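Let's take a walk through this protein together, with the sequence and the coordinates open side by side. Keep the viewer handy, and turn the model as you read.

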Amino acid sequence: MSAEEIIDIVDENDRVVGRSPRGEAYARGLRHRCAFILVRDAGGRIFVHRRTPAKQVFPSLYDMFVGGVVGAGEGYDEAALREAEEELGVSGLPRPEYVFTFLYDDGAGRSWWSAVYEVRCDRPVRPQAEEVAWWDFLSEAELERRLGEWEWTPDGLAAYERLRAYRSEPSGRAEG
């Protein structure tokens, strides 16, 4: 998505209250929607990547999710599949499985409703060079080890911590 693409602006209850070019929404701190997709390979390892220095938000940081901004009039489910296929450079992925939604707010003008998904990718990936500077599939144990060593996107880290908590709840589901 370019800075000129139109996105929905939402309120504290995730209701659409307007539309704005993406770049303007970031500049003005307007709340919008994002999709976060945790991608596992056939062996259950998690796709981890480092964002390129050219990224508008959180450049050069590591992330354990692919994803991005939901377009105007687009649903979370549509955005999750589109973003996963675009960032991984694959087509024909199964529909990502919705897990939960939460409001990310850093208290400094960055706030977005964040729908978290999971998907298994059994295909070879060819991540977008303009989005991904480095990537690998890491075991969950390796990812956990790297949490204290690498600088992570704050929204991705918040989503991952919530996902871990969700899995540990009796009503949550376990996946490995």
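What follows goes from the nonpolar interior to a strand, a helix, a histidine and some aromatic rings. Please keep in mind that this is a predicted model.

A good place to begin is the largest nonpolar core, which has 31 residues. Val48, Met64, Phe65, Leu143 and Trp152 are the members that touch the most others. Several elements give two or more residues to this core: the strands β1 (6-10), β3 (32-40), β4 (46-51), β7 (97-105) and β8 (111-120), together with the helix α4 (154-168). Apart from this core lies another one, of 21 residues, and Leu88, Val90, Tyr117 and Phe137 are among them.

Phenylalanine 65 makes a handy viewpoint on the larger assembly. Setting aside neighbours within four places in sequence, phenylalanine 65 is in contact with Phe36, Ile37 and Leu38, with His49 and Val116, and with Gly156, Ala159, Tyr160 and Leu163.

One of those contacts, His49, leads us to β4. How many of the 6 residues of β4 are buried? The count is 5, so β4 is mostly covered, by the cut-off of under 20% relative accessible area. On one side, 6 bridges join β4 to β9 (residues 132-138), and the two strands run antiparallel. Strand β5 is also a partner of β4, again antiparallel, through 2 bridges. Histidine 49 takes part in both pairings: its bridge partner in β9 is tryptophan 135, and in β5 it stands opposite aspartate 63.

Now turn to α4. This helix has 15 residues and reaches 21 Å from its first C-alpha to its last, close to the 21 Å expected at 1.5 Å a residue. Its buried residues are Asp155, Gly156, Ala158, Ala159, Tyr160, Leu163 and Arg167. Which elements do the buried residues of α4 pack against? They pack against the strands β3, β5 (62-63), β7 and β8, and against the helix α3 (140-146).

Strand β3 also holds histidine 32. Is this histidine buried or exposed? Histidine 32 counts as buried because its relative accessibility is 1%. A polar atom of its side chain lies 3.0 Å from the backbone oxygen of leucine 30. Beyond four places in sequence, histidine 32 is in contact with Ile7, Asp8, Val10, Tyr26, Val69, Ser111, Trp112 and Trp113.

Two of those contacts, Tyr26 and Trp112, bring us to the aromatic rings. The count of aromatic pairs comes to 16. Tyrosine 26 and tryptophan 112 form one that is edge-to-face, at 6.4 Å centre to centre and 70° between the planes. Tyrosine 26 lies in helix α1 (residues 22-28) and tryptophan 112 in strand β8, so this pair ties together parts 86 residues apart in sequence. The partners differ in exposure: tyrosine 26 is partly exposed, with a relative accessible area of 21%, whereas tryptophan 112 counts as buried at 2% relative accessibility.

Phenylalanine 100 and phenylalanine 102 offer another pair to look at. Their ring centres are 6.2 Å apart and their planes stand at 50°, so the pair is tilted. Both partners count as buried, phenylalanine 100 at 13% relative accessibility and phenylalanine 102 at 6%. Ring pairs link Phe100 and Phe102 with Phe36, Phe65 and Tyr166 into a cluster, which brings us back to Phe65, where our view of the core began.

Notes. Residues numbered from 1 in each chain as written. Predicted model: local features only at pLDDT ≥ 70, side-chain atom pairs only at ≥ 80, totals over all residues. Heavy atoms only, no water. Core = buried A, V, L, I, M, F, W, Y, C linked by side-chain atoms within 4.5 Å. Buried < 20%, exposed > 50% of the residue type's maximum accessible area, 1.4 Å probe, protein only. Helix = DSSP H or I, 4+ residues; strand = E, 2+ residues; numbered from the N terminus. Contact = heavy atoms within 4.5 Å. Polar contact = N/O pair within 3.5 Å; in protein donor to acceptor, adjacent residues only side chain to side chain. Expected span 1.5 Å × (residues − 1). Phe/Tyr/Trp six-rings, centres within 6.5 Å; stacked < 30°, edge-to-face > 60°. Pairing = 2+ DSSP bridges.
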